[in-house]
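Trainee: Please take a close look at the pairing of oppositely charged side chains in this model. I would like a connected account of which partners meet and how well each of them is covered.

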Amino acid sequence: MTEPIRFPTKIAVLLRNDLVGWQRLNVTAFLVSGIAHAEPELLGEKYRDADGTAYLPMFGQPVLVFAGDRATLTNAHSRALARGLRLAVFTSELFATGNDRDNRAAVQAVGREKLDLVGLALHAGRTVVDKVLKGATMHP
(Lines give C-alpha, C1' and ligand atoms only; values in the text may rest on other atoms or scores of the structure.)
Protein backbone atom coordinates (compact mmCIF):
# COMPACT_ATOMS: atom_id res chain seq x y z
CA MET A 1 0.00 0.00 0.00
CA THR A 2 1.34 3.43 -0.89
CA GLU A 3 1.80 6.20 1.64
CA PRO A 4 -0.93 8.87 1.42
CA ILE A 5 0.12 12.15 -0.17
CA ARG A 6 0.23 15.12 2.17
CA PHE A 7 -0.48 18.27 0.22
CA PRO A 8 1.09 21.58 1.31
CA THR A 9 -2.19 23.37 0.54
CA LYS A 10 -5.88 22.85 1.19
CA ILE A 11 -8.94 23.41 -0.92
CA ALA A 12 -11.71 24.06 1.58
CA VAL A 13 -15.41 24.80 1.46
CA LEU A 14 -17.21 26.16 4.52
CA LEU A 15 -20.99 25.76 4.56
CA ARG A 16 -23.49 27.23 6.98
CA ASN A 17 -24.79 24.37 9.08
CA ASP A 18 -28.49 25.20 8.63
CA LEU A 19 -28.64 24.45 4.88
CA VAL A 20 -30.84 21.62 3.62
CA GLY A 21 -29.28 18.82 1.59
CA TRP A 22 -29.83 20.16 -1.94
CA GLN A 23 -28.54 23.59 -0.84
CA ARG A 24 -25.32 22.10 0.59
CA LEU A 25 -24.64 20.27 -2.66
CA ASN A 26 -25.54 23.24 -4.85
CA VAL A 27 -23.45 25.71 -2.87
CA THR A 28 -20.45 23.37 -2.81
CA ALA A 29 -20.59 22.83 -6.57
CA PHE A 30 -20.78 26.56 -7.31
CA LEU A 31 -18.01 27.46 -4.86
CA VAL A 32 -15.47 24.93 -6.11
CA SER A 33 -16.02 26.11 -9.66
CA GLY A 34 -14.62 29.46 -8.51
CA ILE A 35 -11.49 27.80 -7.14
CA ALA A 36 -11.01 25.82 -10.38
CA HIS A 37 -11.32 29.01 -12.41
CA ALA A 38 -8.95 31.03 -10.22
CA GLU A 39 -6.34 28.29 -9.89
CA PRO A 40 -6.48 25.96 -12.91
CA GLU A 41 -3.09 24.51 -11.95
CA LEU A 42 -4.95 22.63 -9.19
CA LEU A 43 -6.64 20.50 -11.83
CA GLY A 44 -5.13 17.10 -12.54
CA GLU A 45 -4.88 15.31 -15.86
CA LYS A 46 -7.85 14.10 -17.91
CA TYR A 47 -9.32 10.76 -16.93
CA ARG A 48 -9.69 7.80 -19.29
CA ASP A 49 -11.46 4.52 -18.75
CA ALA A 50 -10.14 1.16 -19.98
CA ASP A 51 -11.98 1.66 -23.27
CA GLY A 52 -10.20 4.95 -23.93
CA THR A 53 -13.20 7.20 -23.27
CA ALA A 54 -11.93 10.59 -22.09
CA TYR A 55 -13.38 12.44 -19.08
CA LEU A 56 -12.79 15.90 -17.72
CA PRO A 57 -9.97 16.53 -15.25
CA MET A 58 -10.75 17.16 -11.60
CA PHE A 59 -8.80 18.67 -8.74
CA GLY A 60 -5.56 16.83 -8.07
CA GLN A 61 -6.06 17.05 -4.31
CA PRO A 62 -9.01 16.54 -1.96
CA VAL A 63 -11.64 19.21 -1.35
CA LEU A 64 -12.39 19.39 2.36
CA VAL A 65 -15.91 20.44 3.34
CA PHE A 66 -16.55 22.11 6.70
CA ALA A 67 -19.65 23.38 8.48
CA GLY A 68 -20.28 26.21 10.89
CA ASP A 69 -22.90 28.65 12.05
CA ARG A 70 -23.44 32.17 10.73
CA ALA A 71 -20.79 33.63 13.07
CA THR A 72 -18.24 31.03 11.98
CA LEU A 73 -18.76 31.99 8.32
CA THR A 74 -18.58 35.70 9.09
CA ASN A 75 -15.37 35.25 11.08
CA ALA A 76 -13.78 33.04 8.42
CA HIS A 77 -14.70 35.58 5.74
CA SER A 78 -13.07 38.40 7.74
CA ARG A 79 -9.94 36.38 8.52
CA ALA A 80 -9.51 35.34 4.89
CA LEU A 81 -9.87 38.91 3.61
CA ALA A 82 -7.47 40.19 6.28
CA ARG A 83 -4.89 37.70 4.95
CA GLY A 84 -5.47 38.83 1.37
CA LEU A 85 -6.88 35.47 0.27
CA ARG A 86 -9.11 35.12 -2.76
CA LEU A 87 -12.52 33.66 -1.96
CA ALA A 88 -15.56 32.32 -3.69
CA VAL A 89 -18.73 33.32 -1.80
CA PHE A 90 -22.33 32.20 -1.92
CA THR A 91 -25.02 34.28 -0.23
CA SER A 92 -28.58 33.32 0.68
CA GLU A 93 -29.93 35.63 -2.05
CA LEU A 94 -28.41 33.40 -4.73
CA PHE A 95 -30.99 30.70 -4.04
CA ALA A 96 -33.60 33.02 -5.60
CA THR A 97 -31.66 33.87 -8.76
CA GLY A 98 -31.32 31.77 -11.85
CA ASN A 99 -28.24 32.97 -13.71
CA ASP A 100 -24.73 34.31 -13.27
CA ARG A 101 -25.64 37.92 -14.08
CA ASP A 102 -28.34 38.03 -11.40
CA ASN A 103 -26.04 36.21 -8.95
CA ARG A 104 -23.33 38.84 -9.36
CA ALA A 105 -25.88 41.66 -9.06
CA ALA A 106 -27.26 40.14 -5.82
CA VAL A 107 -23.80 40.03 -4.25
CA GLN A 108 -22.90 43.49 -5.51
CA ALA A 109 -26.06 44.98 -3.95
CA VAL A 110 -24.86 44.20 -0.40
CA GLY A 111 -21.86 45.59 1.49
CA ARG A 112 -19.13 43.15 2.55
CA GLU A 113 -20.05 43.34 6.25
CA LYS A 114 -23.73 42.62 5.55
CA LEU A 115 -23.40 39.65 3.18
CA ASP A 116 -25.68 36.81 4.30
CA LEU A 117 -23.05 34.14 3.68
CA VAL A 118 -24.13 30.53 3.38
CA GLY A 119 -20.82 29.30 1.98
CA LEU A 120 -17.31 30.22 1.00
CA ALA A 121 -14.37 28.44 -0.58
CA LEU A 122 -10.66 29.09 -0.54
CA HIS A 123 -7.32 27.57 -1.41
CA ALA A 124 -4.20 28.36 0.59
CA GLY A 125 -1.47 26.79 2.68
CA ARG A 126 -2.66 24.16 5.12
CA THR A 127 -1.98 26.16 8.27
CA VAL A 128 -3.48 29.33 6.78
CA VAL A 129 -6.71 27.51 5.93
CA ASP A 130 -6.78 26.01 9.44
CA LYS A 131 -6.51 29.51 10.97
CA VAL A 132 -9.14 30.99 8.67
CA LEU A 133 -11.60 28.17 9.40
CA LYS A 134 -11.05 28.20 13.17
CA GLY A 135 -14.26 27.09 14.86
CA ALA A 136 -15.57 25.13 11.88
CA THR A 137 -15.95 21.38 11.96
CA MET A 138 -15.66 18.78 9.23
CA HIS A 139 -18.99 18.42 7.47
CA PRO A 140 -20.75 15.23 8.62
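**Charged pairs in their setting**

Mentor: Let us start with E113, which is exposed at a relative accessible area of 64% (buried is under 20%, exposed over 50% and partly exposed in between, with a 1.4 Å probe and protein chains only). This is a predicted model, in which local features need pLDDT of at least 70 and side-chain atom pairs pLDDT 80 or more, while totals for chains, interfaces and linings use all residues. Residues are numbered from 1 along each chain as its sequence is written, and side-chain values use heavy atoms, without hydrogens and water.

The partner of E113 is R112, and the two form a salt bridge whose closest N and O atoms are 3.9 Å apart (a Lys or Arg side-chain nitrogen within 4 Å of an Asp or Glu carboxyl oxygen). R112 is exposed as well, with a relative accessible area of 55%. Elsewhere, R16, D18, R70 and D116 are joined into one network by salt bridges that share partners. The search of the whole structure finds 8 salt bridges, and in general terms, side chains of opposite charge can pair when their charged atoms come close.

A pair that deserves particular attention is K10 with D130, where the closest N and O atoms lie 2.3 Å apart. Because K10 belongs to strand β1 and D130 to helix α4, which covers residues 126-132, this salt bridge ties together parts that are 120 residues apart in sequence (helices, H or I of at least four residues, and strands, E of at least two, are DSSP runs numbered from the N terminus). The cover of the two partners is worth stating for each: K10 is buried, with a relative accessible area of 9%, whereas D130 is partly exposed, at 42%.

The neighbour of K10 in the chain helps to place that end of the pair. T9 is found in strand β1, which runs over residues 9-16, and, leaving aside residues up to four places away in sequence, T9 touches Q61, H123, A124, G125 and R126 (contact means heavy atoms within 4.5 Å).

A local pairing offers another view. D100 and R104 form a salt bridge in which the closest N and O atoms are 2.9 Å apart, and both residues lie in helix α3, residues 100-108, where they are separated by 4 residues, about one turn of the helix.

Two residues outside these pairs give a sense of the span of the model. E3 lies in the segment before β1 and counts as exposed, with 70% relative accessibility; from E3 to V89 the distance is 34 Å between C-alpha atoms, with their positions 86 residues apart in sequence.

Finally, the pairs sit within a fold of 4 helices and 7 strands, whose elements follow the order β-α-β-β-β-α-β-α-β-α-β from the N terminus. Along the principal axes, the C-alpha atoms fill a box of roughly 50 × 35 × 30 Å, and 34% of the 140 residues count as buried, as K10 does. Among contacts in the protein with a separation of 6 or more, 77% come from residues 24 or more positions apart, and the K10 to D130 salt bridge likewise links parts that are 120 residues apart in sequence.
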